[in-house]
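Below are my notes on the model you sent round. They are set out as numbered points, beginning with one chain and then moving to the other.

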Amino acid sequence: MNLQLTEDGRLRHLLTLDGLPRAIIMQILDTAESFMDVGEREVKKVPLLRGKSIFNLFFEPSTRTRTTFEIAAKRLSADVVNLNIATSSQTKGEAILDTVDNLAAMHADMFIVRHSQSGAAHFIAQHVAPHISVVNAGDGRHAHPTQGLLDMFTIRRYKGEFHNLTVAIVGDVLHSRVARSQIHALTTLGVPEVRVIGPKTLLPTGVEQMGVKVFHDMEDGLAGCDVVIMLRLQNERMKGARLPSAQEYFKFFGLTPEKLALAKPDAIVMHPGPMNRGVEIASEVADGPQSVILPQVTYGIAVRMAVMAMLAGTGNA
Amino acid sequence: MHASLPDANTLIARLADAIAPTLTPDTLIVGIHTGGVWVAERLHGLLQCAQPLGTLDISFYRDDFSRIGLHPQVKPSNLPFDLEGRAILLVDDVLHTGRTVRAAMNELFDYGRPASIRLAVLVDRGGHELPIRPDFAGLTITVPDHQNINLSRLDDGHLTLTLA
């Protein structure tokens with residue numbers, strides 16, 4: 001049974017892009033497109049979710065994702081409550097469901113969930129009453145579907161189509177929920193060549209089975225790319241045995257103007273943020289003419305509005 | 001029943017004749033998706049309006065959203081002008097309950113505060129549920145609730161009214 005869709009195939013929860021039908025992804029992107037102008041109006045709001053209560057349930061810290069969900073909900077006229085719940089070592093499954101039950105008793109209509117454990121949003125979605133929708137805002141290494149969707153929206157805005165693109169995802173794919181969501185969306189949307197580039201220690205074994213080509217060398221991997229997606233290298237990876245040092249990593253896998261020149265001249269550079277300048281990306285590239293990193297943030301609001309509007313429309317059917 | 005409805009193009013011409021004497025040069029014509037835009041395009045041409053044509057998709061303002069959800073094909077609203085202090089001629093194909101017009105007015109006010117809004121419809125079919133009446137109507141008839149009047153556009157651009 002697919003928890004994400006209703007019996008008649010409409011969006012019920014958004015938990016992962018793995019298996020989400022192409023038609024639903026396209027509907028989200030098209031709906032987001034029509035929300036794009038709301039931010040430029042005199043009144044930056046539409047009344048769609050008036051009277052709805054949306055709870056941002058963040059068990060793991062986040063600034064950008066939480067803020068853009070909050071802005072998106074407010075532009076839809078929903079009431080937003082932000083809860084940053086520090087995860088202590090005692091936090092167990094039951095405690096999460098207690099929290100959810102209490103918030104449901106306050107008449108929540110939607111939960112936006114971020115958690116360090118893979119499957120947390122899924123777990124909550126299985127538990128909530130039928131009128132409540134759950135959006136996964138990042139769970140462990142598993143998925144970050146709205147980030148994947150806003151990346152697809154960004155690619156479509158700059159490249160128009162998906163069927164003729166070569167897209168490279170560079171860096172720590174192993175620990176990246178963003179990369180997983182991107183790979184699922186890119187393959188569903190028919191991108192003919194999706195590449196992952198990184199050291200062997202940061203690529204999951206068997207990643208080829210997701211329909212990607214594997215490269216361990218930037219020179220080969222970036223050649224002919226239309227889109228270059230850089231992933232954040234988390235500092236704690238350096239402390240383990242996976243990498244020698246930030247300088248060493250930057251030398252081989254950091255995106256510099258010289259390496260970017262190997263991609264197509266009109267290639268765009270993306271990054272889900274927050275960036276480590278001088279580790280995975282050089283400032284000249286991050287701030288350069290091919291970077292679309294700040295537009296990604298703006299588009300994230302329209303995409304999250306689209307997801308919440310579609311869910312709210314389904315939840316009360 | 002089909003044959004009893006007048007030709008849409010004749011009605012649009014009639015509508016344009018009624019509007020023409022009242023049209024100020026600064027009036028902005030705004031059509032409501034989808035049928036209202038077709039009628040607004042024709043009126044915009046017939047009235048030789050010098051201002052750009054505006055279009056509204058009221059999907060984000062519908063009062064039945066929580067019952068029927070989001071329309072799968074929302075078209076962007078396009079108001080290529082500042083409507084603060086301007087005279088607006090709002091155009092739709094069929095006036096029925098008045099809820100679409102209410103939603104359209106709510107949306108217009110989120111872009112600014114117009115000086116005035118007047119309503120032109122191709123057909124006023126009765127069945128109003130709100131205190132909204134057209135300033136101009138090409139045709140005023142009474143149609144039973146279970147029937148619908150639809151405006152459709154053929155590939156050659158020809159507009160047709162049907163009763164079903």
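**Notes on the predicted model**

1. Helix α1 (residues 8-19) of chain B lies across three strands, namely β3, β4 (116-124) and β5 of chain B, and runs at about 145 degrees to β5(B). A second helix of chain B, α2 (residues 35-46), packs on the sheet and touches β1, β2, β3 and β4 of chain B. The direction of α2(B) makes about 150 degrees with that of β1(B). As a reminder, this is a predicted model.

2. The sheet in chain B is open and has five strands in the order β2-β1-β3-β4-β5, with parallel pairing. Each of β2 (54-56) and β5 (136-140) of chain B has a single partner strand, so these two stand at the edges and one side of each is left without a neighbour in the sheet. From one strand to the next, the twist averages 25 degrees.

3. Within that sheet, strand β1 (residues 28-32) of chain B runs parallel to strand β3 (residues 87-95) of chain B, and four bridges join them. B:Gly31 stands opposite B:Val91 of β3(B).

4. On confidence, chain B has an average pLDDT of 92, and 98% of its residues score at least 70. Of the elements of chain B, β4(B) has the highest mean pLDDT, at 98, and α3(B) the lowest, at 78. For the model, ipTM is 0.74 and pTM is 0.88.

5. Where the chains meet, 17 residues of chain B are in contact with 18 residues of chain A. Two helices of chain B, α3 (65-68) and α4 (99-111), each supply at least two residues of the side that touches chain A. By class, that side of chain B has eight nonpolar, five polar and four charged residues. A reader of this interface should note that α3(B) is the element of chain B with the lowest mean pLDDT.

6. Chain A contains 12 helices and nine strands. Its radius of gyration is 19 Å, close to the 20 Å that the globule rule gives for 317 residues, so chain A is as compact as a globular protein of that length. Along the principal axes, the C-alpha atoms of chain A fill a box of roughly 55 × 45 × 35 Å. Buried residues account for 48% of the 317 residues in chain A. Of the contacts in chain A between residues at least 6 apart in sequence, 76% join residues at least 24 apart.

7. Chain A has an open sheet of five strands, ordered β7-β6-β5-β8-β9 and paired in parallel. Its edges are β7 (213-215) and β9 (268-270) of chain A; each has a single partner strand, so one side of each is left without a neighbour in the sheet. Direction ignored, neighbouring strands of this sheet are turned by 20 degrees against each other on average. Helix α6 (residues 177-188) of chain A packs on the sheet, where α6(A) touches β5, β6 and β8 of chain A and makes about 170 degrees with the direction of β5(A).

8. In strand β5 (residues 166-170) of chain A, five of five residues are buried. A:Thr166, A:Ala168 and A:Val170 point one way from β5(A), while A:Val167 and A:Ile169 point the other way. Five bridges pair β5(A) in the parallel sense with strand β6 (residues 193-197) of chain A, and A:Val167 has A:Val194 as its bridge partner in β6(A).

9. Towards the other edge, strand β8 (residues 227-230) of chain A is joined to β9(A) by three bridges, and the two run parallel. Here A:Val227 stands opposite A:Ile268 of β9(A).

Notes. Residues are numbered from 1 along each chain as its sequence is written. Chains are lettered from A and ligands numbered from 1 in the order in which they are written. This is a predicted model: local features need pLDDT of at least 70, side-chain atom pairs count only at pLDDT 80 or more; totals for chains, interfaces and linings use all residues. The radius of gyration is taken over C-alpha atoms; the globule rule is 2.2 Å times the number of residues to the power 0.38. A residue is buried if 20 or more other C-beta atoms lie within 10 Å of its own, exposed if 12 or fewer, and partly exposed in between; C-beta atoms are placed from the backbone. Two residues are in contact if their C-beta atoms, placed from the backbone, lie within 7 Å. Ala, Val, Leu, Ile, Met, Phe, Trp, Tyr, Cys and Pro count as nonpolar, Asp, Glu, Lys and Arg as charged, and the others, Gly among them, as polar. Two strands pair if DSSP finds at least two bridges between them. Axes are lines fitted to C-alpha atoms, for helices over the stretch in contact, and angles run from 0 to 180 degrees between N-to-C directions. pLDDT is the predictor's confidence in each residue, from 0 to 100.
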